[in-house]
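Work through the exercises below with the sequence and the coordinates at hand, and attempt each task before reading its solution.

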Amino acid sequence: MTSKLQITIPKRIADQYGIAPGDEIEFVPGAEGVRLVPARARAALQLGREERLRLFDAATARQREREREMPLPATAPSRDWRRDDLYSRGEPR
């Protein structure tokens with residue numbers, strides 16, 4: 001990153017993803033950090049409502065299947081804290 005906040009993309013990566021000088025790049029926030037996405041690719045990734053719902057339903061079904069395979073404890077785990085302890089953390093006693 002330069003002092004002008006400019007980024008150089010390595011040639012190998014630019015060639016791999018078809019990025020050329022003058023191309024628009026979008027910075028997309030994500031859970032793990034920031035992703036660089038060519039603007040034309042982002043437009044192609046726009047999904048319709050039905051497709052998003054289908055993907056969501058498929059992911060939900062996969063999660064439900066994983067939950068069925070997970071062993072559940074016979075009794076609830078004990079804990080050595082109370083709900084009020086959550087609100088008094090870091091306060092002088």
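## Exercise 1: Charged pairs along the helices

Lysine 11 and aspartate 15 are four residues apart in helix α1 (residues 11-17), so about one helical turn separates them. The model is a predicted one, and the tasks should be read with that in mind.

**Task.** Determine how far apart the closest N and O atoms of lysine 11 and aspartate 15 are, and then treat the charged pairs of helix α3 in the same manner.

**Solution.** Begin with helix α1, where the closest N and O atoms of lysine 11 and aspartate 15 are 2.9 Å apart. A salt bridge requires a separation within 4 Å, and lysine 11 and aspartate 15 do form one. Both lysine 11 and aspartate 15 are exposed.

Next, turn to helix α3, where arginine 64 and glutamate 67 lie three residues apart, about one turn of the helix. Their closest N and O atoms are 3.4 Å apart, and the two residues form a salt bridge. Glutamate 67 has a relative accessibility of 36% and therefore counts as partly exposed, and arginine 64, at 42%, likewise counts as partly exposed.

Then take arginine 68 and glutamate 65, which are three residues apart in helix α3 and are therefore separated by about one helical turn. This pair also forms a salt bridge, with 2.9 Å between the closest N and O atoms. Arginine 68 counts as exposed because its relative accessibility is 60%, whereas glutamate 65, at 35%, counts as partly exposed.

Finally, set these pairs against the total, which is four salt bridges in the structure.

## Exercise 2: The hairpin

**Task.** State how strands β1 and β2 run and how many bridges join them, and then find the residue between the strands that takes a positive phi.

**Solution.** First, locate strand β1 at residues 25-29 and strand β2 at residues 34-38; the two run antiparallel and are joined by five bridges. Second, follow individual positions across the pair: valine 28 stands opposite arginine 35 of β2, and proline 29 has valine 34 of β2 as its bridge partner. Third, inspect the connection, in which four residues lie between the strands and glycine 33 takes a positive phi near 155°.

## Exercise 3: A nonpolar patch and an unusual phi

**Task.** Identify which residues make the nonpolar surface patch of about 690 Å², and examine the backbone of leucine 5, for which a positive phi is found.

**Solution.** Start with the membership of the patch, which is made by Met1, Leu5, Ile7, Phe27, Val34 and Leu36. Phenylalanine 27 is placed in strand β1, and its relative accessible area of 51% is over the 50% cut-off, so phenylalanine 27 is exposed. Leucine 5, by contrast with that strand position, lies in the segment before α1; with a relative accessible area of 66%, leucine 5 is therefore exposed.

Now consider the backbone: leucine 5 has a positive phi of about 60° although it is not a glycine. Most residues other than glycine have a negative phi.

For context, the chain exposes about 9200 Å², of which carbon and sulfur atoms supply 55%, and 5% of its 93 residues count as buried.

## Exercise 4: Confidence and the surroundings of alanine 39

**Task.** Decide which element of the chain has the lowest mean pLDDT, and describe what alanine 39 is in contact with, leaving aside its neighbours within four places in sequence.

**Solution.** Begin with the layout: the chain has three helices and two strands, which follow the pattern α-β-β-α-α along the sequence. The mean pLDDT of the chain is 83, with 89% of its residues at 70 or more. Among the elements, helix α2 (residues 39-44) has the lowest mean pLDDT, 65, and helix α3 (residues 49-69) the highest, 91. Where pLDDT is low, the predicted coordinates should not be read in detail.

Alanine 39 belongs to helix α2 and, having a relative accessible area of 21%, is therefore partly exposed. Apart from neighbours within four places in sequence, alanine 39 is in contact with Glu24, Ile25 and Glu26. To complete the step, note that the C-alpha atoms of alanine 39 and phenylalanine 27 are separated by 9.4 Å, the two residues being twelve residues apart along the chain.

Technical notes. Residues are numbered from 1 along each chain as its sequence is written. This is a predicted model: local features need pLDDT of at least 70, side-chain atom pairs count only at pLDDT 80 or more; totals for chains, interfaces and linings use all residues. Side-chain values use heavy atoms; hydrogens and water are left out. Two strands pair if DSSP finds at least two bridges between them. pLDDT is the predictor's confidence in each residue, from 0 to 100. Buried means under 20% relative accessible area, exposed over 50%, partly exposed in between (1.4 Å probe, protein chains only). Accessible areas come from the Shrake-Rupley method with a 1.4 Å probe; for residues, only the protein chains shown count as cover. Patches are made of residues with over 30% relative accessible area and no salt bridge: like charges are joined within 9 Å, nonpolar side chains (Val, Leu, Ile, Met, Phe, Trp, Tyr) within 5 Å. A salt bridge is a side-chain nitrogen of Lys or Arg within 4 Å of a carboxyl oxygen of Asp or Glu. Contact means heavy atoms within 4.5 Å.
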